[in-house]
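Here are some exercises to work through with a structure viewer open. Try each task before you read its solution.

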Amino acid sequence: MNKSNGEKPLPPTGFEVSDRMFRLLVQSVRDYAIFMLDASGHVVTWNEGAEAIKGYTRDEIVGSHFSRFYPQEEVERGWPDYELEQAAAIGRFEDESWRVRKDGSRFWANVIITALRDEDGRLVGFSKVTRDLTEKRQQAEQLRISEERFRALVENVRDYAIFMLDKDGFVSTWNEGARHLKGYEADEIIGSHVSRFYPPEDLKRRWPEHELKTAMLEGRFEDEGWRIRKDGSRFWANVVITALRDRSGDLIGFSKITRDLTERRKHEQQIAESEERFRLLVEGVRDYAIVMLDRRGFVSSWNTGAQKIKGYSAQEVIGRHYSHFFASEDIAANKPWHQLIEAKEHGNVGDESWRVRKDGTQFWAGNVISALHDGEGRHRGFVLVTQDLTARRHAESLADTTQRMHEFIAMLAHELRNPLAPIQNAVQLMERKGLGDPTLESMRQMIERQTSYLTRIIDELLDVNRIAHGRFSIGRETMDLVEILNRSIDTSRPLIDSQGHSLHVSMPDGPLTIQGDPLRLTQVVVNLLNNAAKYTPEGGDIYLSVVTRETDVEISVKDTGIGIEPAHLDAIFELFTQLETHAAKGPGGLGVGLALVRRVVELHAGTVRAKSQGPGKGSEFVVRLPRPVENLKVVARGEGAPTAELPRLRVLVVDDNKDAADSLNLLLQEMGQDAYAVYDGQTALAAAEKLAPHVVMLDIGMPRMSGYDVARELKRTRPHPPVLVAVTGWGQEADRRAAQDAGFRYHFAKPVRQHSLQQLLEEIRPKAGPAPS
């Protein structure tokens with residue numbers, strides 16, 4: 001009670017605090033929606049913070065059920081009722097989730113519902129404290145701080161000290177959070193000045209008075225600093241003081257919310273320690289040079305990676321300008337200084353270029369320079385990160401060289417095929433005409449063998465090229481293996497006979513059906529037969545045999561040749577490995593044939609292996625291929641029908657290589673065809689108009705007007721275009737697909753053999769019909 005005997009009045013006691021003052025405290029808080037619910041969840045009070053956050057005025061909302069603030073999906077799952085049940089059961093409920101304003105917009109809210117009970121313990125309602133955390137949720141760092149503050153506030157309002165001061169700074173109310181945080185009971189502290197919570201150094205500089213004055217002038221004051229508990233211990237506090245004014249604008253006091261941030265400060269100290277550990281980590285990195293530069297570009301720190309990459313110790317380089325690491329031509333062009341300016345203006349700059357080590361050698365470096373700024377945005381320097389990319393640059397250069405080599409080999413094959421075409425055509429013409437002289441016939445056969453050998457070398461080079469670039473593939477169709485073997489024998493027969501060898505063949509009489517690529521499997525058998533002929537002394541024996549089993553078929557090529565060291569039987573299948581390396585001196589080769597054999601066989605899901613007792617004891621190569629289950633039985637083959645006489649077709653040959661065009665033209669005429677030759681695209685179009693050919697055989701790579709151009713024009717201008725056949729030096733799979741897309745029905749890589757022409761003409765016969773008009 002106040003004394004009336006003239007003594008100085010005492011500050012008001014806690015029991016004299018008016019309900020009005022406390023209501024003003026709650027009503028004036030705008031950052032929190034603080035309101036009461038009755039026991040069934042209907043709003044009974046509403047403060048300014050609630051109106052600011054939710055958009056409803058007191059008149060609009062009092063009496064409404066508080067579920068009105070929840071999204072529809074929360075209402076449907078009964079969440080509002082669940083919150084009240086939990087609060088009633090355990091005294092308090094806390095949640096963070098979306099809430100809905102009056103205008104339908106959503107905000108992220110932190111909500112604390114506390115059960116209110118009378119002296120007899122009966123539930124009389126709930127207090128509800130809501131805070132809008134939408135902006136803080138959108139900002140990660142601010143979210144972290146707000147969550148800590150909010151969590152401290154909402155845990156039964158125990159982690160926040162929320163109390164009132166009168167206009168002179170004396171405590172007039174006291175909540176549970178204040179008691180918990182500061183240690184004072186209400187009757188111990190009400191009436192005391194707020195300065196009681198401040199350490200001596202703050203009292204000496206009159207900091208409490210400064211806080212109240214600032215809050216009075218600006219409406220609000222926030223600070224962080226040390227505060228004192230009842231037991232004398234210190235805690236790091238966040239303090240928000242808000243000036244409270246009545247409707248007339250007169251100051252009536254202050255609200256003060258205090259939060260203990262000691263743990264956060266400890267965390268910040270841990271971050272500082274972590275940053276120090278990070279600094280030590282950076283200094284230990286060896287694969288990257290991480291260098292700090294001052295604002296002018298002088299080195300201020302140097303890690304182990306920098307020493308490893310650039311060769312300088314920290315003592316040698318700290319204090320030097322970073323331009324010391326640039327090549328002389330970059331220094332002359334002022335590149336180091338230009339990079340610093342660009343990094344400062346744009347935040348960072350990166351490049352790859354040559355840098356110089358301590359010993360004067362250069363290395364290819366990936367560099368990133370980033371500008372560093374302090375918390376206030378002031379430029380403090382740069383960090384330079386450098387990686388030695390020399391090995392990667394060499395690898396990229398090698399890949400580029402490999403690609404160029406791939407293109408070169410394809411071009412080389414094209415250029416070699418062009419002159420081979422007229423040679424092959426001429427040899428085949430000689431055979432048809434007959435030379436009448438044994439010596440000349442022997443020479444003709446030698447030229448034919450060597451032409452075939454050279455063609456095979458070109459094909460194998462292209463296959464190796466495809467393997468090296470992952471583009472080697474096979475087709476798959478049902479075929480007769482016996483036919484493949486006979487075709488292979490016919491191809492290898494000239495070489496076998498020229499060496500005086502005897503070929504012994506043992507295989508089924510009827511067809512043997514398997515699935516695979518006929519061209520590639522022919523290539524496998526021809527390679528093995530040719531190797532047997534090459535590496536067997538003159539007059540030897542070569543054995544080709546086939547054994548069929550229930551699930552596979554085994555092809556064996558055996559010879560009486562120079563043999564192979566048993567230790568080297570696996571190595572001979574490696575690329576560029578020659579047989580003579582592992583046996584007696586042989587005739588030599590490129591060392592690609594057996595590598596291709598293995599690749600083709602493995603793509604057919606088969607195996608190939610070599611056998612030999614050693615040098616001089618011959619060799620055997622065994623290929624095993626799977627057989628499709630539905631084709632296990634050997635079907636008897638009937639007598640083959642004799643080849644019918646070739647139809648006489650009108651054929652136009654077009655090639656800018658005159659020898660190739662003329663020789664193919666003569667060969668076709670000798671085969672009974674009505675053939676004509678021209679040497680460019682325009683002449684071809686005119687000749688086609690005049691002759692109306694059944695077939696046009698076109699070279700692709702002609703100047704001015706390519707074979708593709710001629711083909712397109714023929715298809716465009718003629719209602720019944722002729723059969724188009726590409727005869728070209730470009731023999732890659734991509735070239736075949738391109739020819740097919742351009743409308744060519746057939747594609748031949750030069751040189752074209754006579755039997756291939758015969759098969760072509762026989763196949764075209766039913767398709768050609770009458771001469772096109």
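The exercises below concern a predicted model and go from confidence to salt bridges, surface and backbone.

**Exercise 1. Find the mean pLDDT of the protein chain, and say which stretches stay under 50.**

Step 1. Begin with the whole chain: its mean pLDDT is 83, and 85% of its residues reach 70 or more.

Step 2. Now look for weak stretches. Over residues 150-155, pLDDT stays under 50, and the model has 28 contacts beyond four places in sequence for them. Residues 581-588 also stay under 50, with 19 such contacts.

Step 3. Decide how to read those contacts. Where pLDDT is low, predicted coordinates should not be read in detail.

**Exercise 2. Place the salt bridge between Arg 264 and Glu 268, and decide whether each partner is buried or partly exposed.**

Step 1. Check the distance: the closest N and O atoms are 3.4 Å apart, and the cut-off is 4 Å.

Step 2. Locate the partners. Both lie in helix 12 (residues 262-284), four residues apart, or about one turn of the helix.

Step 3. Compare accessibility with the cut-off for buried, which is under 20%. Arg 264 is buried because its relative accessibility is 8%. Glu 268, at 36%, counts as partly exposed.

**Exercise 3. Work out which helices are joined by the salt bridge between Glu 670 and Lys 433.**

Step 1. The two side chains meet with an N to O distance of 3.1 Å.

Step 2. Glu 670 belongs to helix 22 (residues 658-670) and Lys 433 to helix 17, so this pair ties together parts that are 237 residues apart in sequence.

Step 3. Add the accessibility of each end. Glu 670 is partly exposed at 26%, whereas Lys 433 is exposed at 61%.

Step 4. For another pair, turn to Glu 376 and Arg 378, whose closest N and O atoms are 2.5 Å apart. Here Glu 376 is exposed at 63% and Arg 378 is partly exposed at 42%.

Step 5. Put these pairs in context: the count for the model is 46 salt bridges. A network of them links Asp 202, Arg 205, Glu 211, Asp 223 and Arg 227.

**Exercise 4. Describe the surroundings of Ser 64, then find the residues of a nonpolar surface patch.**

Step 1. Ser 64 sits in the loop between helix 3 (58-61) and helix 4 (72-76).

Step 2. Its relative accessible area is 14%, so Ser 64 is buried.

Step 3. Neighbours within four places in sequence aside, Ser 64 is in contact with Gly 41, His 42 and Val 43.

Step 4. Move to the surface, where Met 405, Phe 408, Leu 412 and Leu 416 make a nonpolar patch of about 340 Å². Leu 416 lies in helix 17 (residues 390-433) and is partly exposed at 30%.

**Exercise 5. Inspect the peptide bond from Lys 750 to Pro 751 and the phi values of Asn 334 and Arg 704.**

Step 1. The bond from Lys 750 to Pro 751 is cis, with omega near -10 degrees. Pro 751 is in the loop between strand 25 (746-749) and helix 26 (754-768).

Step 2. Asn 334 has a positive phi, near 60 degrees, though it is not glycine. This residue lies in the loop between helix 15 (328-332) and helix 16 (335-346), and Asn 334 is partly exposed at 39%.

Step 3. Arg 704 has a positive phi too, near 65 degrees. The loop that holds Arg 704 runs between strand 23 (695-698) and helix 24 (707-717). With 78% relative accessibility, Arg 704 counts as exposed.

Definitions and conventions
Residues numbered from 1 in each chain as written. Predicted model: local features only at pLDDT ≥ 70, side-chain atom pairs only at ≥ 80, totals over all residues. Heavy atoms only, no water. Helix = DSSP H or I, 4+ residues; strand = E, 2+ residues; numbered from the N terminus. Buried < 20%, exposed > 50% of the residue type's maximum accessible area, 1.4 Å probe, protein only. Contact = heavy atoms within 4.5 Å. Patch = residues over 30% accessible without salt bridge, like charges linked within 9 Å, V, L, I, M, F, W, Y side chains within 5 Å. Areas by Shrake-Rupley, 256 points an atom, 1.4 Å probe, with all protein chains shown as cover. pLDDT = per-residue confidence, 0-100.
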